[in-house]
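Please look through the sequence and the model that follow before reading on. The paragraphs after them go from the interior of the chain to its charged pairs and then to its surface.

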Amino acid sequence: MKSVLSMAAVCVVLSSSSAFAERGPVTNLPMPRFVSLKASEGNVRRGPSLTHRIDWVFKRRNMPLQIVAEHGHWRRVEDRDGAGGWVHYTLLSGVRTVLVEQDMAAIHHTAEESSPVQAYLEAGVIARLGKCTGNWCRVTAEGSKGWIKRSAFWGLMAGETRD
């Protein structure tokens with residue numbers, strides 16, 4: 001006898017299985033998550049092995065990437081544009097960085113709009129990510145430190161806070 005599942009039952013099965021998708025099957029770390037490129041060059045492959053074709057090469061050390069899948073020693077990553085592929089885990093670092101998207105983004109002394117501006121960052125600058133609270137994050141970039149609005153960069157999950 002074949003069992004028949006109603007749409008409600010299918011939805012329950014899918015929603016309960018999605019809870020398991022929140023952790024990587026290899027590392028048991030949250031998925032998706034942000035990392036950075038450790039090397040100055042990193043081959044991005046079509047699949048998770050050395051036998052797969054190299055689609056392109058990332059060429060910016062510390063570039064933030066989002067891990068969206070894991071398979072053995074390989075991580076499927078995506079950049080800010082959603083372009084992705086498989087990268088060997090040794091090319092990645094847990095050091096958090098962000099990519100400034102807003103041109104001339106102001107770094108403030110404190111996490112307030114009225115706070116003095118320490119520096120301005122051009123779009124495309126990579127900054128090291130520190131503490132994040134509310135709509136502000138502390139960053140370090142090219143010798144400047146301070147607070148920047150989280151809407152000015154890419155590399156942080158929605159609602160994510162950091163201590």
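**From the core outward**

In this predicted model, the largest nonpolar core has 16 residues, and those with the most contacts inside it are Leu121, Leu129, Val139, Ile148 and Phe153. At least two residues of this core come from each of strand E8 (97-100), strand E9 (105-108), strand E11 (126-133) and strand E12 (136-141). A second, separate core of 13 residues includes Val35, Leu65, Ile67 and Leu92. Leucine 129 can serve as a place to start tracing: leaving aside residues up to four places away in sequence, leucine 129 touches Arg96, Thr97, Val98, Cys137, Arg138, Val139, Phe153, Gly155, Leu156 and Arg162.

One of those partners, Cys137, also takes part in the 1 disulfide that is counted here, in which cysteine 132 is joined to cysteine 137 with an S to S distance of 2.1 Å. Both of these cysteines are buried, and the torsion about their S-S bond is about 120 degrees, so the disulfide is right-handed.

Turning to the chain as a whole, the secondary structure comes to 1 helix and 14 strands, and 37% of the 163 residues count as buried. Among contacts with a separation of 6 or more, 51% are made by residues 24 or more positions apart.

The structure also holds 8 salt bridges. In one of them, the side chains of glutamate 70 and arginine 33 meet at 2.8 Å, N to O, and this pair links distant parts of the chain, since glutamate 70 is in strand E4 (residues 64-71) and arginine 33 in strand E1 (residues 33-37), 37 residues apart. Glutamate 70 is buried, with a relative accessible area of 8%, and arginine 33 is likewise buried, at 12%. Lysine 59 forms a salt bridge with glutamate 41, with the closest N and O atoms 3.3 Å apart; here lysine 59 counts as exposed at 58% relative accessibility, while glutamate 41 is partly exposed at 45%. The side chains of glutamate 113 and lysine 149 meet in a further salt bridge (2.5 Å, N to O), and because glutamate 113 lies in the loop between E9 and E10 and lysine 149 in strand E13 (residues 144-149), the pair ties together parts that are 36 residues apart in sequence. Arg46, Arg53 and Asp55 are joined into one network by salt bridges that share partners.

On the outside, the chain exposes about 9800 Å², of which carbon and sulfur atoms supply 53%. Met104, Val117 and Tyr120 form a nonpolar patch on this surface, with about 290 Å² of accessible area together. Valine 117 lies in strand E10 (residues 117-121) and is partly exposed, with a relative accessible area of 34%.

Methods
Residues numbered from 1 in each chain as written. Predicted model: local features only at pLDDT ≥ 70, side-chain atom pairs only at ≥ 80, totals over all residues. Heavy atoms only, no water. Disulfide = S-S within 2.5 Å. Buried < 20%, exposed > 50% of the residue type's maximum accessible area, 1.4 Å probe, protein only. Helix = DSSP H or I, 4+ residues; strand = E, 2+ residues; numbered from the N terminus. Contact = heavy atoms within 4.5 Å. Areas by Shrake-Rupley, 256 points an atom, 1.4 Å probe, with all protein chains shown as cover. Patch = residues over 30% accessible without salt bridge, like charges linked within 9 Å, V, L, I, M, F, W, Y side chains within 5 Å. Salt bridge = Lys/Arg side-chain N within 4 Å of Asp/Glu carboxyl O. Core = buried A, V, L, I, M, F, W, Y, C linked by side-chain atoms within 4.5 Å.
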